[in-house]
Structure formats: structure tokens, C-alpha cells
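Before reading on, please have the sequence and the model side by side, and follow each pairing in the order in which it is introduced.

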Amino acid sequence: MFEQVSLEVGGRKLTLETGKMARQAHGAVVARYGDTLVLATACMDSKATDKDFLPLTVDYREYTYSAGKIPGGFFKREGRPSEREILTSRLIDRPLRPLFPEGWSTETQIVAMVLSADSENDPDVIGLTASSAALYISKIPFADPIACVRVGLLDGKLVVNPTVAEQKTSLLNIIVAGSEEAIVMVESGAQEVSEDTVADALEFGHAEVRKIVASIRELGRRVNQPKLAATPPAFDEALYQQISQQFGERLRDALDTAKHPKSESYGLVDVVKKEILATIPEEDEEKRKLAYRAFERLRERIFRDDMLIRRRRPDARAFDQIRQITCEVSMLPRVHGSALFTRGETQALASATLGTKEDMQRLDLLFEQDTFKRFMLHYNFPPFSVGEVKFLRGPGRREIGHGALAERALANLLPSKDDFPYAVRVVSDILESNGSSSMATVCGGSLALMDAGVPLKSPCAGIAMGLVVEGDKYAILTDIAGAEDHYGDMDFKVAGTRQGITALQMDIKVSGVSIAMMREALAQARKARLQILDNMDQTLAAHRSEMSVYAPRLHMLTIPTDKIRDLIGPGGKKIRGIIEATGVKIDVMDDGKVHVFAGDGKSAEAALKMIRDVTATAEIGKTYLGTVVRIAEFGAFVEIFPGTDGLLHISEIAEQRIRAVRDELKEGDQVLVKVLAIEGNKVRLSRKAVLRDQRGAQPKSEAEAAG
């Protein structure tokens, strides 16, 4: 049965339709916005599992045919997901996952495919909206649809869903996902905008989200698909009360990380759990499962009561208190810049490396051709950072997501490519983790960049905030760690400078978070950010005036654009010869700018001289020391610099008339000549003019002076 709903969003038509494509999926919606189309499907397995968690998988794919392109590479078909596809998959997963009912443990999969990309309307937010709609119209028990928009700030005005081109000039790029009642997820990059502006953008975006959610509900009413029931997991209230009375105080003491360090606390909690399970026979698996659930609920209840009633954090810190911070720079002697940032039990080792244009990452994007990324931040989370044993594999979705957040926080603070044409890579290795390691990466990355001599616009710091809310009681927490992240209702990461916010990520698990609470959390986060920046400034307040001796040195010159071909040579032969002879790296720009990267001044000077020799251009009236390369009856051909010859006519060789050229010159002679004229590729030279100039410049003799 074909159904369709439409509405206007940001001055363009958004259409959601079902019943035409992917009809065997349990839910399928095609969302169209401009000429961008995304098909989202939702499917569930035929039988439930006995897992105590939601087995949800989200995959977002951008097929190159959607933009009229053929994939690059050898195989000419899409392979592993790109970083952008992984990040968008996470973008879809994060707000949807908390909205499934408790007890739903059937394997569930969402697949979002970009079918058409118009290079104006970004498909990521459309994919999230379509995925929510596909779940809502299916039999899967997903009862509260959400929608998603992007908010930009152009010319001081908030706009919804700015185009791909507008996003490049927007001071704010914030993705807002929400239900009719509340915002559930925020993802943002910004150019040092104020907390009030961000809060206004959230409110503005949520108003647009409500309109889309209403249309999704209308589509659901038309489809009228009965929903499956999700049976909440069994819970024994009497057993819970028994465990609470017998073990409650011991568990509260074990969870007190002010009294017990993290590892000791975890060990004490495990002891309590084992004692509880030891009271139940091993053959009674069902009761042991009920006891485990009761234990977990008690653990959460203790945490929330301590927060909202006793007003006490697990480690006894004040709600706005940051754990102890230490910073060190120049830790690694041979890297270009390094920093060790430690906050409580979270530690990030950040290293910065400077490179050339050829080190930039080439991006194969739907919307743009030959796009290069000059700043890369890579985040690693080895298992030893949390005392675990695991295989070391490539980065997972979490590592890619954390790295992207930190990269977004720092990217807009880098100098322009014209002022600082280096490729820049930051690697953050998390050596210890208990609390936000992505925000530690922002702090460490900022210090490492400044240690490398990168002229950042401002130092940058990040902080993770939390929120616990029940009814009219709530607690906003600064620098969350451990249970505060796991049992809290909001995970809220804010990065920025003293001037404003550069990145923001928010995941909300409940619907009772108001804009007023968000404004309060943003203000508390700003206070913490400034405190961290004060601490960082004591170690390194600005970028170093000189780069590491191991970093490549940049030398720049400009050549005529018509000489670029001469510098490169046939098949790149000429420029390769310069590189091989001097050991430098050379980047040639389309506008004639040439960047020479060298490890020492001697090789740089040699390369610059060779480049100038190859690309030099004759100037009328200028004198050159040339070499006679060929003699003819009518004159001599003189090479004034490599690859450029000029004609020295017989009448311009000497001041007096000569009978033959060879009376004055022979091949190999070096002569001073002046350029008289340039006609196309022909250069006319004069030796006579130089001789006259020299004679005119000589001091007069005593006889001439007396006369």
C-alpha cells in the first residue's frame, strides 16, 4: 500500500513515502529532500534472543552512483564503509537506541542507502529521519518517532538545513535530533560561538523537528501497522528488597570511589555480587538471573539517590568540580610536537606531525571532486587503558567517532592553508581511561599542536558533563567518570576556547531535559573549560616560535603560471630530478605558488636555485650574464638562463661595426647582455647597450674633468 506525506522544511519540500520500494522489509521509507533520496529499511529477526541488551545494528551507505560517479580504485565497486559512512551510522544509532522498549532483545537492523545525491542537501540528517520513520511504520515496537535537522548560522541568522556549500561558511553546524517532547541527540561543530547562540540553535532546531515528527506520525496512522509487544524482563521485587536490605550499605560503600580507587572499587563490587549469587543454587538459573537484575537495579538506585537526595557524587567531588589536571609537553624528543594530558584517571598522549601537500588525505566524497583533508586527528584506545586484555585491531566505530569529535573541536582553530600550508596529523593514544578520553584528546591535541609550532587561533579544551534527572529534581555534573557516565541521563561533551564553543556532542536518554537545563549545563561547562585552559596555560600558553628541528622547513616562491609546465617537465622528469638531487619535497599550486619543504637550509637553497633557473623569465631592460651557445652569420644565440636563449644580432655585439661575429665571440664565451625586446618566444639581446652603460658609469679622467 503506497502512502506519502510531505511538508516544507527550510524552504524545501521533504517527502516521506512507503509501499513502493523494499516492500519485504518490515518497514521501508524513502525520504526525498530536493534531489537527495535516502531509502531506510528496518527489519527484525524471526525469533527473539535471550540477551539482556538490545542487539541493534545500523548501517548507512553512500553509493557513488547516487551522485553520478564511478568509484575510484582498482575494483570499481564500494568496499568497506568510509569514515563518513561510519560516523553517519553512529549518528543514526545513538538517538534511536535508547527509544526501544525495555526487554526488546530481538536482532534488529536498520539499513540506510543514499539513492540520489544532489550535492546541495546533505543526506545524513535525511537518513536519520527516514530510519526513524521506517521503524515507526513497522511492526517493531518503536512507539516514539524522532526526526533530525541541521542548523546553521549565516549572516547572524539561524537557518535550517543549510546546503553543503553554505555549511562551509556557516559559523555553526549543529545537528539536532528529537521527539515531539524533547531533544535526544546533538552533534555540532562551530567557530567559537557563544553558549547562548548554541542554546538558541537547539531551541530553533527542535521547533523544526516537531513538524517532521508530526508528519511521521501521520504516515504511521495511514499505514496502521500493528505493533509487536515487548515483554519487559522479569523482575522479582521481593528479591530486590531482600538484597537491598542485606547488601545495600556494603554496595554503597564499595561504590564510594572517594574511599576506594577505581580498580579497588570494581573489585569490592564484584565481591558483593558474587556473595549475592552464592546464596542461590547454581542449578536455579532463572533465580540467579533475577538476582543479577536486582543487583544492577540496586546499584543504579544507590547512584541516583546519592545524586538527587544526598547530593553526593561517588568520589565526593562537588557537582562542578574537576579532577586534578597535570600537563606536560615535549615528552617525545623526535616527534614534531607532543603532550601528555592527565585528568584524574584519564590520560591522553597526543603527538603532532607536520607534513607536505602529498601527506594530505584524499577524500572521495559524493559532493566534491579531488578534495584533500589537511588536518587529521586519529584516536586510539588500547585495552591496557582500562586494564583489559583484547586483540589489537583496527579502529572501531567508537574510536572513529571519538577522533572525529576531537578533530572537529580543533579543525577550525588551525591557520589558513595560505598562512600555514602544512599537512597536520595528531594522534591521541589513550593510556588510561576513567572519564571522557575524547575531551582529554582535545586538551592534549591542542597542547601538542602548539608544541609543534602550529599557530592556533586560540588554545582549546574540552569537558564532559552529565545530568541526572527525576521529576523536578536534577543534578548537573562536571567532568563525569565511571558510574556517572553509565547511569546518568545525559552525556554532554563541550569543547572550545575562551571565546566560544568549537564542538559539541550530546546524547540524552530521557525526555525530561528542558532547554533551560541545557543552558545551565552549557554555562557550567564554560566555567570548567576556562578552568582547564588556565591550567593548560601554565604549561604552554601559546604556540612555540620555532618548530622542531625534525619538522620540515617551508620555503615559498611564486613562478609565472606559464612556467609550471617547464618546472614539472615531460612526465614530471624535471621536478623529479630536482627532488632527487636535493632531497626536498616540492608542492606546485595552480596559481604559481611553489612550496619547498626541506630538512636543512643547504638543500632548500639548492632546490630554490634550480627552480628559479628553470622558471626564470626574461625582463626587458634587465642585464644577464649569458653563455654563447651558437654562432650564425647574422649574430649569436646566448643562453641567459637554462632553457631560455636570446638572439644577439651582429649589430648589437660591439659599439663599432664588426665584419664577422667570430671576430668578437666564440661558443662558450660568457657575456653580459641586456634584453631589448621580447616578441612572443623570441628575445632580442644587446651587448652594445651594456658596453655603453659601463662606459657612461665610469668616472671621468683628470683631462676630461679639467676640459
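In this predicted model, a convenient place to begin is Glu17, which stands opposite Val30 in strand 3. That contact belongs to the pairing of strand 2 (residues 12-18) with strand 3, two strands that run antiparallel and are joined by four bridges.

Strand 3 also pairs with strand 4 (residues 36-44), again in the antiparallel sense, and here the pairing extends over seven bridges. Within this second pairing, Ala31 stands opposite Val38 in strand 4. The link between strand 3 and strand 4 is a hairpin with two residues between them, and Gly34, which lies in the turn, has a positive phi of about 65°.

With partners in both strand 2 and strand 4, how is strand 3 placed relative to the rest of the structure? Six of the seven residues of strand 3 (residues 27-33) are buried, that is, under 20% relative accessible area, so the strand is largely enclosed by the rest of the structure.

The model can also be examined for enclosed empty space. Rolling a probe the size of a water molecule over the atoms shows where such space is left. Three cavities of 30 Å³ or more are counted in this way, and the largest cavity holds about 60 Å³ of space. The lining of the largest cavity is made up of Val9, Leu14, Tyr33, Val125, Ile126, Thr129, Cys148, Asn161 and Ile212. Helix 2 (residues 123-137) supplies the largest share of that lining, with three residues. By character, the lining of the largest cavity divides into seven nonpolar residues and two polar ones, with no charged residue.

How values were computed. Residues numbered from 1 in each chain as written. Predicted model: local features only at pLDDT ≥ 70, side-chain atom pairs only at ≥ 80, totals over all residues. Heavy atoms only, no water. 1 Å grid on protein atoms, 1.4 Å probe; cavity = no way out; pocket = protein on both sides within 12 Å on 5 of 7 lines; lining within 4 Å. Points joined across faces, edges and corners; volume = space filled by probe spheres on them. Nonpolar A, V, L, I, M, F, W, Y, C, P; charged D, E, K, R; others polar. Buried < 20%, exposed > 50% of the residue type's maximum accessible area, 1.4 Å probe, protein only. Pairing = 2+ DSSP bridges.
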